[in-house]
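Here is a short report on one protein model. It covers helix packing, salt bridges and backbone angles.

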Amino acid sequence: MVIEAIPSPGAEAVGQPADELSRLSDILLARGALDNRTLDRARRVAADTGGRLDRVLTQLGMVSERDLAEALAELVGSVLISPADYPEAPLFVDRLKPKFLHKARALPIADAPDNVIAVAVPIEFEAAFNRLYPEFESGQGGAHSGDIVSDAEPSEEDTERLKDLASEAPVIRLVNQLIARAVETGASDVHIEPFEDRLRIRYRYDGALHEAEPPPARLRAAVVSRVKIMSRLDIAERRLPQDGRIRLSVRGQEVDFRVSTIPSLNGESVVLRVLDRTAVEFDFVKLGLPDDVRQALERVFDLPNGMVLVTGPTGSGKTTTLDSTP
């Protein structure tokens, strides 16, 4: 997470968000942290998804959190500080509750006279500052510093909270129902895709995706975390793709699932590939190969030596073809 503090209200404004993002892009280009081709791609993604350019750059791994933090520091003429500079004890515990801080997406890290705060959205700094320090809305109070903090790793508290949410009975039941439905209806994949205001669930049948009724939006993080726990993935790692495997007994039959996660603009997308061996018929004649191709392969299989290469993307039927050969 990149967090920013800029000059106090009443000081010269840095500019409108679009201007700031343009200047930020120029700084990243000048520093060599970004090239024009990558920047153009990020701008297209931001335009297509409605996301902010700085978020797109970091969430898709085009720019590191450190490089972005350093560019922000240069943009606002500030210095970079580390998580080690956080106070040992929380500030203003009598005035600022954790729920409020989470909603405001801001955190005070130094009291007067500095009044340094960390915010999740740099361009919206003043709104966050005024939520934490209402006296500045009327122009009262002193100046505050322009430090920027970079803290890309989720906290231990966040990880434990996700584990707790993923272990709740409604979440466990929901994920089990999603998996059971995939097996019972003969789906080849389950796609779990987070959006800003919902979690989309889609099942793949014969290559086509069919959307299912979505779970409550408030369970987005919990559902993804539950799948990651079941597949023994690191739920604290949300910036890198991960691959895992689940083996479950569904309606009395053992079913394997390959699990892949990948970061997206609104969280992690998850794909479960269903590997139900009992639903596969290992019959070489019924593979769907043209007669001339099948006959040519059968002649090759009868040769005393040689090698046949079976290639193709994941899920194209390589293993089924090999297991069906006479």
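In which loop is D206 found? D206 lies in the loop between β7 (199-205) and β8 (208-212). Helices (H or I, at least four residues) and strands (E, at least two) are DSSP runs, numbered from the N terminus.

The model is predicted: local features need pLDDT of at least 70, side-chain atom pairs count only at pLDDT 80 or more, and totals for chains, interfaces and linings use all residues. Residues are numbered from 1 along each chain as its sequence is written, and side-chain values use heavy atoms, with hydrogens and water left out.

**Overall make-up**

The protein chain has 11 helices and 11 strands. Of its 326 residues, 38% are buried. Buried means under 20% relative accessible area, exposed over 50%, and partly exposed in between (1.4 Å probe, protein chains only). Contact means heavy atoms within 4.5 Å. Among contacts between residues at least 6 apart in sequence, 56% join residues at least 24 apart.

**Positive phi angles**

D206 has a phi near 50°, a positive value in a residue other than glycine. At 84% relative accessibility, D206 counts as exposed. R232 is another non-glycine residue with positive phi, near 60°. R232 comes just after α9, in the loop between α9 and β9 (242-250). With a relative accessible area of 76%, R232 is exposed.

**Helices α8 and α9**

Two packed helices are described by the angle between their axes and the distance between the axes. Helix α8 (residues 169-184) and helix α9 (residues 220-230) pack at about 70°, with axes 10 Å apart. Axes are lines fitted to C-alpha atoms, for helices over the stretch in contact, and angles run from 0 to 180 degrees between N-to-C directions. The two helices, α8 and α9, are therefore roughly perpendicular to each other. Angles under 35 degrees count as roughly parallel, over 145 as roughly antiparallel, 65 to 115 as roughly perpendicular and the rest as oblique.

From α8, the contact uses V171, I172, L174, V175, N176 and I179. From α9 come A222, V223, R226, V227 and M230. By class, the contact has nine nonpolar residues, one polar and one charged. Here Ala, Val, Leu, Ile, Met, Phe, Trp, Tyr, Cys and Pro count as nonpolar, Asp, Glu, Lys and Arg as charged, and the others, Gly among them, as polar.

Helix α9 is mostly covered, with eight of its 11 residues buried. They are A222, V223, V224, S225, R226, V227, K228 and M230.

**R226, buried without a salt bridge**

R226 sits in helix α9. What is the nearest side chain of opposite charge to R226, and how far away is it? It is D164, 11 Å away, and R226 is buried with no salt bridge. For charge, Lys and Arg count as positive and Asp and Glu as negative; His and the chain ends are not counted. A salt bridge is a side-chain nitrogen of Lys or Arg within 4 Å of a carboxyl oxygen of Asp or Glu. Leaving aside neighbours within four places in sequence, R226 is in contact with A166, V171, I172 and V175.

**Salt bridges**

The structure holds 11 salt bridges. Three of them are tabulated here.

| Pair | Closest N to O |
|---|---|
| D189 and R273 | 3.2 Å |
| R247 and D256 | 2.7 Å |
| D291 and R294 | 3.4 Å |

The bridge between D189 and R273 links distant parts of the chain. D189 is in strand β6 (residues 189-194) and R273 in strand β11 (residues 267-275), 84 residues apart. D189 counts as buried, at 3% relative accessibility. R273 is partly exposed, at 21%.

In the second pair, R247 counts as exposed at 61% relative accessibility. Its partner D256 counts as buried at 14%.

The third pair lies within one helix. D291 and R294 are three residues apart in helix α10 (residues 291-301), so about one helical turn separates them. D291 is partly exposed, at 48% relative accessibility. R294 is buried, at 14%. Elsewhere, salt bridges that share partners join R31, R66 and E70 into one network.
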